[in-house]
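Let's work through a few exercises together, with the model open beside the text. Try each task yourself before reading on.

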Amino acid sequence: MTQVRFCRALAVVRSLPTSSGGSFQPSIGDKLNFYGLYKQAVVGDIMLLKPSSRMVVQYAKWKAWDRLRGVRPIDAQKMYIDALIQLLDKVTIHDKPIDSSLSRYS
């Protein structure tokens, strides 16, 4: 059941806008959090060498994934779902939380 909910959460996150055009866009911190959780859920512990801090994007992604070292993939999937619900709780449309229509993720 968790994997089905995880796949649905992936679809929602992938559908979020990538550039601001007046609509909601997750922060860079949110994006990095989702990246790290996704990699831990799908691949497991990071085995890549730490990139140079001068490679800003690669280093940030590496850190986001590395901080989850030791977390079981199934737990990372649950954390991903919870992170999405928390993110959507922040967003309101017409004074109504978006996540009320996504109760199937809970």
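The exercises below move from confidence to the core, then to one residue and the pockets.

**Before you start.** This is a predicted model, in which local features need pLDDT of at least 70 and side-chain atom pairs count only at pLDDT 80 or more, while totals for chains, interfaces and linings use all residues. Residues are numbered from 1 along each chain as its sequence is written, and side-chain values use heavy atoms, with hydrogens and water left out.

**Exercise 1.** Find which elements have the lowest and the highest mean pLDDT.

*Solution.* Start with the scale: pLDDT is the predictor's confidence in each residue, from 0 to 100. The chain has a mean of 85, and 82% of its residues reach 70 or more. Next, go by element (helices are DSSP runs of H or I with at least four residues, strands runs of E with at least two, numbered from the N terminus). Strand E2 (residues 96-97) has the lowest mean, 51, and helix H3 (residues 56-66) the highest, 97.

**Exercise 2.** Work out which elements build the largest nonpolar core.

*Solution.* A nonpolar core is a set of buried Ala, Val, Leu, Ile, Met, Phe, Trp, Tyr and Cys residues joined through side-chain atoms within 4.5 Å; buried means under 20% relative accessible area, exposed over 50%, partly exposed in between (1.4 Å probe, protein chains only). The largest one has 18 residues, and Phe 6, Phe 34, Tyr 80 and Leu 84 have the most contacts inside it. H1, H2 and H4 each give two or more residues to this core. H4 gives the most, with 8. Now zoom in on Leu 84: beyond residues up to four places away in sequence, Leu 84 touches Ala 9, Val 12, Val 13 and Phe 34 (contact: heavy atoms within 4.5 Å).

**Exercise 3.** Decide whether Gln 77 is buried or exposed, and find its contacts.

*Solution.* First locate Gln 77 in helix H4 (residues 73-90). Its relative accessible area is 7%, so Gln 77 is buried. Leaving aside neighbours within four places in sequence, Gln 77 is in contact with Thr 2, Gln 3, Phe 6 and Ala 41.

**Exercise 4.** Identify which helix gives the most residues to the lining of the largest pocket.

*Solution.* Helix H1 (2-14), helix H2 (28-42) and H3 each supply at least two lining residues. Of these contributions, H2 gives the most, with 6 residues.
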